Amino acid sequence: PAFAATASGVCDIPCRHAAMLRRVSSLWRFHARSMCTSPAFLGARGAPRTTDLRFEDGGSGTVHLPFPIYGIMDEAGSLVAPEQDPKVGEDTAVRMYETMVKLNVMDNYLYQAQRQNLISFYMTSFGEEATHIGTAAALSADDTVFAQYRETGVLMWRGFSIEDFTDQCTNNYKESGKGRQMPVHYGSKELNFQTISSPLATQIPQAAGAAYALKREGADKVVACYFGEGAASEGDFHAAMNFAATLDCPVLFFCRNNGYAISTPTEDQYRGDGIAARGIGYGMATTRVDGNDIWAVYNATVAARKLAVDESRPVLLELMTYRGGHHSTSDDSTRYRGKDEIDQWMTNGTPIARLRAYLEERGWWNDERDQQLREATKDEVLTCLDRSENQPKPALSNLFSDVYAEMPKHLQEQEREMFEHAHAHADVYNLGTFKQD
């Protein structure tokens, strides 16, 4: 059957007509009480708004498309459904806002650092901060995360420090990846954050498998898997959806639908109703959420996690948002989208602006604290970046370690030849910049 969910739990709706009346009522209420000044989400232009958080799996026999977008906060930061305020408390709400701002400031300065040739590559999360923090705050620290490459805020929420980020981006000897990864390909065993890999969608079937392992263990945990709508065009996405659905794996699939797969807009990616319709096609509990509304994201994640744990089943959440920055430092997005479009999205109801308005309305934030936070974060980023870039590079021996328990003879020979070559041309390779074994 179709079922509705709120932050307090999941409840059955026995009557299809009653469910339809609730849906119509919630859609009317949202439009009547909100002032929608931002444009329609690119990935679901015809989707109506609703304050009714619903998960559909197709079991009712009737699914109304386009799938509505759940939200409880308007672009000005006011709650249009105050009864659904999660009421996380001042300390948590302020921490969520501070993490979003820190992420935003760090992104700004590390992007500039790449332009100054201090790091080789970077990707920002401008405009998508609520999809990070809204989900991360609702997950358990024991839940394992399989991320793509634009979920930096999830790791920051879990305790990855700014210096941890700058160490990784400069690839010095202190970072846990030992210099083997591109910048922004973070990972942390301590924080249950699987190391990011560049090929799209490889993490999705891995997440389904990890969730199946949790199910067999009987663990009260879920796996959280993040990806963009572009990755949902990969074959790995469909294989993972089917595995997770048929094996009833406790995994939350978070699709950040930000309108573009690098330079490919959503209208050139699919003709169906976004990514949500695909979850229903696999018989998977599915919902669509305003990814710029942090409380809608939080509520949906709380309800989805409860469903995944209680019923041991996968849930797909399509988080509608907008990528405010370039895809990466290798991209110039003005080649395929207009500046007016970017300005319209980044000046109307951004996630940070919405949450700040929410805090200020309750007397939990003000201009002075905001300025202090931004200045302090700027200083911390610049200090950490300076310290990180002046650390030695990882030891050359790391090129050969961590593959075999005991290094085979052919690798021992390659390592010997490499060191002979490097020392013969020490002036070229600047061996003094590497950590010595």
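Which residue forms a salt bridge with Glu361? In this predicted model, the partner is Arg362, and the closest N and O atoms of the pair lie 4.0 Å apart. Glu361 is exposed, at 55% relative accessible area, while Arg362 is partly exposed, at 30%.

That's one pair out of 29 salt bridges in the structure, so let's walk through a couple of others. Over in helix H12 (residues 367–389), Arg374 and Asp370 sit four residues apart, which puts about one helical turn between them. Their side chains meet in a salt bridge, 2.8 Å from N to O. Asp370 counts as buried, with just 4% relative accessibility, whereas Arg374, at 27%, is partly exposed.

Move on to helix H13 (residues 409–424) and you'll find Arg416 and Glu413 three residues apart, again about one turn of the helix. Here the N to O distance in the salt bridge is 2.2 Å. Both ends are partly exposed: Arg416 has a relative accessible area of 38%, and Glu413 has 34%. Back to Arg374 and Asp370 for a moment: shared partners link them with Arg356, Glu360 and Asp367 in one salt-bridge network.

Now for some helix packing. H2 (residues 90–115) and H3 (residues 129–136) pack at about 140 degrees, their axes 10 Å apart. Because of that angle, H2 counts as oblique to H3. The crossing is right-handed. On the H2 side, the contact uses Met96, Thr99, Met100, Leu103 and Asn104, and H3 brings Glu129, Ala130, His132, Ile133 and Gly134. Sorted by type, the residues of this contact come out as five nonpolar, four polar and one charged.

How values were computed. Residues numbered from 1 in each chain as written. Predicted model: local features only at pLDDT ≥ 70, side-chain atom pairs only at ≥ 80, totals over all residues. Heavy atoms only, no water. Axes fitted to C-alpha atoms, helices over the stretch in contact; angles between N-to-C directions. Helix = DSSP H or I, 4+ residues; strand = E, 2+ residues; numbered from the N terminus. Parallel < 35°, antiparallel > 145°, perpendicular 65-115°, else oblique. Left-handed = near helix turned anticlockwise from the far one by under 90°. Contact = heavy atoms within 4.5 Å. Nonpolar A, V, L, I, M, F, W, Y, C, P; charged D, E, K, R; others polar. Buried < 20%, exposed > 50% of the residue type's maximum accessible area, 1.4 Å probe, protein only.
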